[in-house]
Amino acid sequence: METRLWLLHLSDVHFNKHSDGTRFDLDKDLRDEVERDVGVLVQQLGSATGIIVTGDIAYSGARTEYEKAATWLDALCAIAKCPTDMVWTVPGNHDVDRKRIRECGILRDAHKAFRTCTLEELDDRLRGYMQEPASCNLLLEPLTEYNLFAMRFECDVSRERPFWQSDLKLNDGSTLRLSGLNSTLVSDDDDSDGDGRLILGAAQTNLPRLEGVIHMTLCHHPPNWLRDVDTVESDLRARVRLQLFGHKHVQTRSEIDGNLRIVAGAVHPNRREPKWIPRFNALAISVNGSGNNRRLDVRVYSRIWSDSKEFVAERDPRTGRDFFQYFLSLPAWSPSTPAPAAAQALPAQPGPTASPAVGRQEAPMNPHRTLVHRFLSLPFHKRMTIAAKLELIDDSDQGVNDPELSRRLFARAKERRVVAALWDAVEAQYPDGAKSNPFSQSQQ
């Protein structure tokens, strides 16, 4: 039986103030049907490796929207039979709190400067903003609530980590490296349909060529929305085998120079759109062959809303199968030399492995991801009680936003060698918190 990992790929979920589960929450039925269909996919593919969301989790970047999204994703993980911390997200334009931009003239001026400078100046200007704490904090201010939500999945963006990376192990021992790209740095009310007003910057897309590493990028906006589209396209074509996008509410799959580009479609498209068709995907990924015949086998299980008001499989008209299959050539590689680890906020742990049957094997727990997720899933007052008890709060924390405060707390726990105590304090807050402490030995 083939060994594969599989990932649920969602985009444009658009949790909003009406997402309250009442009769007037018109999208609740869609979410229910996503859950039902994910259950069908689990029966077919086995337990999921994890869930990818390529932006627009929220609608207006409000905290309450992310609280609803976090609850739903936890429930969806349970249905997909994957750990609740095995979720990866990137921000979309609806994850930007645009009110903060409207109220800050300096930030509006910064956006204008990025949109009017020459392309030759763009990367130098971006480097200057991201390396200087005050200007970086200004640029990321509209993503404050997104960052607080995304931190539980180690997918937040900051000056120290302007984009995130995470590794998954493929069936031949090679590494599928996920890179979460942020296309919303200058997103605001002046965005318009694909007119190249947004930016990524070469620092995000210039991914290194590494033995045994297959790159997969996650980004909300497709390249035609970017000022630096030519650089982005060149970098993606050269190094990135799998390119996942959101934003466009029409689903597409394209082979480009031996790479596969997938635009997810929207789980919750705007109901006023002339072609209102909710969509999402499941991706089953494995490596076949060896030596010069080595290739990446990607099966895209495209799910589409039907007239019977349920998600069904979109069948490949060429084969009649319920998935679209792509074979992407890979360089020869043997597992004798381990791949370099991706950068992590905390030390890297083994990622999930692919499974026997068309699913995944039971993955070893990543204790760092688990600790971050469970701590940040607690109510704020409980997090602060734990932090105070462990003496992780300093006077210098006054006035910092919640994402920055959380980063400081984790850094201090590591520096002061109380990560094991932090684990125990967090687990004590959960009814299922009987897990053995994975940090106890390393902290003695």
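Select Glu255 and Leu260 first. Leu260, in β9, is the bridge partner of Glu255. The model you are viewing is predicted.

**The strands around β9**

Widen the selection to β8, residues 252-256. Five bridges tie β8 to β9, and the two strands run antiparallel. They form a hairpin with two residues between them. In that turn, Asp257 has a positive phi of about 50°.

Now add β7, residues 240-245. Four bridges join β7 to β9, this time parallel. To see one of them, pick Phe245: its bridge partner in β9 is Val263.

Next, show β9 alone, residues 259-263. Is this strand enclosed or open? Five of its five residues are buried, so β9 is largely enclosed by the rest of the structure. Look at each face in turn. Asn259, Arg261 and Val263 are buried on one side. Leu260 and Ile262 are buried on the other.

**Gly258, in the loop**

Step back to Gly258, in the loop between β8 and β9. Its relative accessibility is 33%, so Gly258 counts as partly exposed. Which residues does Gly258 contact, leaving aside neighbours within four places in sequence? Select Arg241 and Leu328. For a sense of scale, draw a C-alpha to C-alpha distance from Gly258 to Asp397: 49 Å in space, with their positions 139 residues apart in sequence.

**The nonpolar cores**

Select Ile51, Trp88, Phe149, Leu176, Ile285 and Leu296. These have the most contacts inside the largest nonpolar core, which has 97 residues. Helix α2, residues 63-80, gives the most to this core: eight residues.

Centre on Phe149. Not counting residues up to four places away in sequence, Phe149 touches Ile57, Tyr66, Ala69, Ala70, Leu73 and Thr89. Then colour Met151, Phe410, Val419 and Phe439 separately. They are among the members of a second, separate core of 22 residues.

**Helix α11, side by side**

Finish at α11, residues 380-389. Select Arg383, Met384, Ile386 and Ala387, which are buried. Why do these four sit on the same side of α11? They cover an arc of only 160° around the axis, which puts them there. An α-helix has 3.6 residues a turn, so residues three or four places apart point the same way.

Turn to the other side of α11. His381, Thr385 and Lys389 are exposed there.

Bring up the cover over the buried residues of α11. It includes α7 (144-150), α10 (367-376), α12 (402-415) and α13 (419-427). Last stop: Glu391, just after α11, with a positive phi of about 55°.

How values were computed:
Residues numbered from 1 in each chain as written. Predicted model: local features only at pLDDT ≥ 70, side-chain atom pairs only at ≥ 80, totals over all residues. Heavy atoms only, no water. Buried < 20%, exposed > 50% of the residue type's maximum accessible area, 1.4 Å probe, protein only. Pairing = 2+ DSSP bridges. Core = buried A, V, L, I, M, F, W, Y, C linked by side-chain atoms within 4.5 Å. Contact = heavy atoms within 4.5 Å. Arc of directions from axis to C-beta.
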